[in-house]
Each structure stands twice: as C-alpha cells, then as structure tokens.
Amino acid sequence: MRAPHPILVERAETRRFLKPFCGDATWPPPVWLMRQAGRYLPEYRETRKQAGGFLDLCYNPDLATEVTLQPIRRYGFDAAILFSDILVIPDALGQTVRFVEGEGPRLDPITDNAGLSILSADRLHEHLAPVYQTVSQLREQLPTETALIGFCGAPWTVATYVVAGKGTPDQAPTRSWAYRDPDGFAKLIDILTESSIEYLSRQVQAGAEVLQIFDTWAGALPIDQFEKWVIKPTERMVTELRSRHPEVPIIGFARGCGMNLRRFVEETGVDGAGCDTSQDMVLARQTFGDSNRPVLQGNLDPLVLIAGGESQDRQVDRICEAMKGSPFIFNLGHGITPPTPPENVTRLMDRVRNR
C-alpha cells in the first residue's frame, strides 16, 4: 500500500470510508454495495418513471442525483457511487447505444478496424457534461461523512459491448477479434482507455474522491490475453490518473480473475481490489504481504440478500471475521439484484455495523 496523500488523510478524518486507504483497519468496516441505487428500491422505480429511458436518467443531473442519494438516506452507506452506466463512454464517442426494457443494452456493433472510424472523442466532455454536473451536485448534497465514488467500465469490458452490440455469455465476438486482428483491436482498447482516463479525471475535478474501474468480464480471458487487455490498459489508466490526482484512491474490480488477483493488483498499481463471490477472502488476504496489501473489498453473494434471514447473517459474519484486523470495505461480490427485499439490506447493515 502506498503512503497516503495528505489530502486523503485530511478527508479521512470526516469520511470513514477513506480510512482503509490510509492503512487503518477500521472496525466495523465501511460498507457500500455495488448497484446500491437501483430497481430493488421502490423510490428508484418511481424516479425512473419520471426520466423516460434509462440513458435519459443517466443524463438528467437532478434525477441521477436523486437516485444516488436514495440508498444513502435509507441505509446510511459510508459511500455513494455516482449513478450512471459504463456504456456512456461509447455513447459519447458516437456509437449508437440504447437500452431495451427487459433485454438490456443494444449497440450498433463495431466488429473490425474499419468500424472504428465512427468513434470520436471530439465531443466527449460536451456529451458527458450532465454526468459531471451530477457529481458536483452529489458532493454538495451528500452528508459530510459520506464519500463519493466515481467510476467507469474498464476498456476490455466496455469493448465486449462495443463489439458484440449486447451482453454475451462468453464474450466470444470480442475475443475472436482480439485473436484475429490484435493490432486493430488494440486501437479500440486505446480509444476506450484514453477516453476513460479523461472521463474519470473530470469526475475527480467535479468532486469524486475515490474511483472504481469495473472489469466485469475480465474472467473470460486466458492469462496472456488477460495481461494484454485487462492488466495493461488498467495500469495505463492508474498511472495517468495518479499523476493527475495522487490524493484519489483507485479500486479495481476484475471480476473472475481468480488466482490472478495478486498479479492484477501488483501490476496495475490499484489501491483497492474488489473481490467477486468466487474469491475466498481468507486466501485473498493471505495472498498479500502485510507491507504491500491493498484494501480488499467484497464479497457477499448478491443472492444471499434475496434469501435473507440467518443464512445471510452467517455469510456476513464469515466475511467480516476473515477480514478483521485488515484494511477492508464490506461489499457484495457483484451488483445487488432487483428481487432483493430492501429489509434484507437493512438487516445486513445492522449486522455489519453492530459487530
């Protein structure tokens, strides 16, 4: 873990979410949940109706601010995460992006080097200005004790949607292009990497205090491709963002990376590592030496929150006991799902906070 920046230390005096990034084994641990603002909350569903389409909600600063604040008001999480979507980057670059109710995102696929001609960063910040405004409004309206997380999708994961035009079970269209024409595919990754750096940097300027890079489909790649399309672009992002904003911790979430967790952390230089549901938190903690340990985050199975009850309590206890005495942030191993009863989240928060 790198030495904490003085600005980070100062912020951590009022925001306990930041304390683990200063090396503190804060207990009970700070808590936030991936997709904590979403369809499991009735107040979110009501606000969503006002927006129209999903992207309309993402680009409406007042409504996006409202849905970001809703779980903070209800549960008092230690951090809020900007309400947006990883696909605003290809949308801002000029690719057609739409969301179909019940089906998810749909994009006009870009499947070869020639198709990259439609992508342009000329209007990137103009297009994403509403998102930056949302970040500014959030920092003004959040309680003093609540940290603000900005985020983007990692280049590899965003590329899987750019190429396939939708979510796929194995990311085969994107993997095929990467094998068939690695130089052409590298151009797409470069475009997404540079755009993501600029996007995250503007989020920090607007008020984000922590950044998370979501690489949801990192686990689809064999090790040589993992190094090329996950580690290298993330390392490039971390290096550049740290040079601009050394006070801002960066969390990497390489879902499905398995035994490559240590390599991902050490080679990218992230300050924190999100652990997915498949990770054993005891082994994850043991993987890193005490002098060079990242802040680990995770990793309750989102389905446990649907089951609730004593089973949920046992799983929460298991994770907390595994990580006690280490800088740690309690979270899920992936995003909260729409069928989750809100009262089960209340039970989770009570269980973690009253340890």
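Start with empty space: a search of the whole structure finds one cavity of 30 Å³ or more. A cavity here is a set of points, on a 1 Å grid over the protein atoms alone, where a 1.4 Å probe fits but cannot get out. Rolling a probe the size of a water molecule over the atoms shows where empty space is left.

The model is predicted: local features need pLDDT of at least 70, side-chain atom pairs count only at pLDDT 80 or more, and totals for chains, interfaces and linings use all residues. Residues are numbered from 1 along each chain as its sequence is written, and side-chain values use heavy atoms, with hydrogens and water left out.

**Stop 1: the cavity**

Select Met1, Arg2, Ala3, Pro4, His5, Leu8, Phe21, Pro249, Asp271 and Val295, which line the largest cavity; lining residues have an atom within 4 Å of a point. Its volume is about 80 Å³, counted as the space filled by probe spheres set on the points.

**Stop 2: helix 2**

Select residues 42–51, which form helix 2. Helices are DSSP runs (H or I, at least four residues), numbered from the N terminus. Which residues of helix 2 are buried? They are Tyr44, Thr47, Arg48 and Ala51, where buried means under 20% relative accessible area and exposed over 50% (1.4 Å probe, protein chains only). These buried residues cover an arc of only 105° around the axis, which puts them on the same side of helix 2; the arc is that of the directions from the helix axis to the C-beta atoms. The face turned away from the buried side carries the exposed residues Lys49 and Gln50.

Now add helix 3 (54–58) and helix 4 (61–75), against which the buried residues of helix 2 pack. Gly52 follows helix 2 and has a positive phi, near 95°.

**Stop 3: Met34**

Go to the loop between helix 1 (6–12) and helix 2, where Met34 is placed. Met34 counts as buried, at 4% relative accessibility. Show Asn331 too: the C-alpha atoms of Met34 and Asn331 are separated by 7.0 Å, although the two are 297 residues apart along the chain. Leaving aside neighbours within four places in sequence, the contacts of Met34 include Gln212, Phe253 and Asn331; contact means heavy atoms within 4.5 Å.

**Stop 4: helix 9**

Last, select Gln203 in helix 9. Is Gln203 buried or exposed? Gln203 is buried, with a relative accessible area of 0%. Residues up to four places away in sequence not counted, Gln203 touches Leu82, Tyr132, Val135, Gly150, Phe151 and Ala208.

Definitions and conventions
On a 1 Å grid over the protein atoms alone, a cavity is a set of points where a 1.4 Å probe fits but cannot get out, and a pocket is an open set with protein on both sides within 12 Å along at least five of seven lines; lining residues have an atom within 4 Å of a point. Helices (H or I, at least four residues) and strands (E, at least two) are DSSP runs, numbered from the N terminus.
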